[in-house]
Amino acid sequence: IPESVAGSSPNAEFETCGASVEQHFRTDTYVGIGGEWLASNVERAIGVYEAVTGTPRVSSTRQNLDYRERNVSLTVNQLLGDYWSAGIGYRLSEADLTTLVPEIPSAVNPSARGQQRSVLHQCGLHLGFNIPSGFFARADALWMRQMNGGENAGAVPGDDFWQHDLYLGYRWPRR
């Protein structure tokens, strides 16, 4: 479970499953499609203040987190002559988090039971240059859009932005 969503969950276990099919064509075009499924169930103790008999005291209670994420991606890359390459990729990711604090009634604290859902779109473009002496350069542009749903839709708005990266470097011989 991403820490930005649920905080730290030490020793959390993930079940993962993924598959990918990739194909190279005679035109030096490379195409790939993949999918991935992730799941995690976490039971942890969280700190609470109890004020049953007047003076508040520090205590803890159980919290159950159920996380599911599904991803699908598509990539197309093309070699352009001896030194250039270009590509485009798209990834769709959907994540669901169900939170339950069984010992706290939802009438007392509505956040004791919650459902959060996010959908992330990523589209990337890249152009690369690589010469046999080892020098290389690459420019990437990545567009991301996140849409939130469930009970966090109003409190955590989605976002839409571009990220641009430039790489310049050298690869040692035989690397």
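**Exercise 1. Strand pairing at β1 and β2**

Task: In this predicted model, determine in which sense β1 and β2 pair, and over how many bridges.

Solution:
- Locate the strands: β2 covers residues 29-50, and β1 covers residues 15-24.
- Read the pairing. β1 and β2 run antiparallel, joined over ten bridges.
- Check one position: Gln23 faces Val31 of β2.
- Inspect the connection. The two strands form a hairpin with four residues between them. In that turn, Asp28 has a positive phi of about 60 degrees.

**Exercise 2. Cover over β1**

Task: Decide whether β1 is largely open or covered, and classify Val21 as buried or exposed.

Solution:
- Place the residue: Val21 belongs to strand β1.
- Apply the cut-off. Exposed means over 50% relative accessible area. Val21 has 57% relative accessibility, so Val21 is exposed.
- Extend to the strand. β1 has ten residues, and the number buried is zero. The strand therefore lies largely in the open.
- Look at the surroundings. Val21 is part of a nonpolar surface patch with Ile33, Val72, Leu74, Val76, Ile88, Leu125 and Trp162. Together these residues have about 690 Å² of accessible area.
- Ask which strand gives the largest share of the patch. That is β3, with three residues.

**Exercise 3. The nonpolar core**

Task: Identify the residues of the largest nonpolar core and the strands that each supply at least two of them.

Solution:
- List the members. The core has seven residues: Ile1, Ala6, Val42, Leu65, Tyr67, Ala95 and Leu97.
- Assign strands: β3 (57-80) and β4 (84-100) each contribute at least two of these residues.
- Examine Leu65. Beyond its neighbours within four places in sequence, Leu65 has contacts that include Ile1, Ala6, Val42 and Leu97. Ser9, Ser40 and Arg44 are also among its contacts.
- Recall the background: nonpolar side chains tend to be buried together in soluble globular proteins.

**Exercise 4. From β4 to β6**

Task: Trace the pairing from β4 through β5 to β6.

Solution:
- Start with β4 and β5 (residues 113-130). They pair antiparallel over 17 bridges. Ala95 has Ser118 in β5 as its bridge partner.
- Continue to β6 (residues 135-150). β5 and β6 are antiparallel, with 15 bridges. Leu120 is matched with Gln146 in β6.
- Close with the turn. The hairpin of β5 and β6 has four residues between the strands, and Gly134 takes a positive phi near 115 degrees.

**Exercise 5. Salt bridges**

Task: Count the salt bridges, then work out which residues are networked with Arg70.

Solution:
- Take the total: there are eight salt bridges.
- Begin with Arg91 and Glu36, whose N to O distance is 3.9 Å. Arg91 is in strand β4 and Glu36 in strand β2, 55 residues apart.
- Compare cover. Arg91 is partly exposed at 31% relative accessibility. Glu36 is partly exposed at 34%.
- Turn to Arg70, which forms a salt bridge with Glu94 at 3.1 Å, N to O. Glu94 lies in strand β4 and Arg70 in strand β3, so this pair ties together parts 24 residues apart in sequence.
- Add the second partner. Asp96 forms a salt bridge with Arg70, with closest N and O atoms 2.5 Å apart. Asp96 is in strand β4 and Arg70 in strand β3, so here the linked parts are 26 residues apart in sequence.
- Classify the ends. Asp96 is buried at 16% relative accessibility, while Arg70 is partly exposed at 29%.
- Assemble the network: salt bridges link Arg70, Glu94, Asp96 and Arg117.

Notes: Residues are numbered from 1 along each chain as its sequence is written. This is a predicted model: local features need pLDDT of at least 70, side-chain atom pairs count only at pLDDT 80 or more; totals for chains, interfaces and linings use all residues. Side-chain values use heavy atoms; hydrogens and water are left out. A nonpolar core is a set of buried Ala, Val, Leu, Ile, Met, Phe, Trp, Tyr and Cys residues joined through side-chain atoms within 4.5 Å. Buried means under 20% relative accessible area, exposed over 50%, partly exposed in between (1.4 Å probe, protein chains only). Contact means heavy atoms within 4.5 Å. Patches are made of residues with over 30% relative accessible area and no salt bridge: like charges are joined within 9 Å, nonpolar side chains (Val, Leu, Ile, Met, Phe, Trp, Tyr) within 5 Å. Accessible areas come from the Shrake-Rupley method with a 1.4 Å probe; for residues, only the protein chains shown count as cover. A salt bridge is a side-chain nitrogen of Lys or Arg within 4 Å of a carboxyl oxygen of Asp or Glu. Two strands pair if DSSP finds at least two bridges between them.
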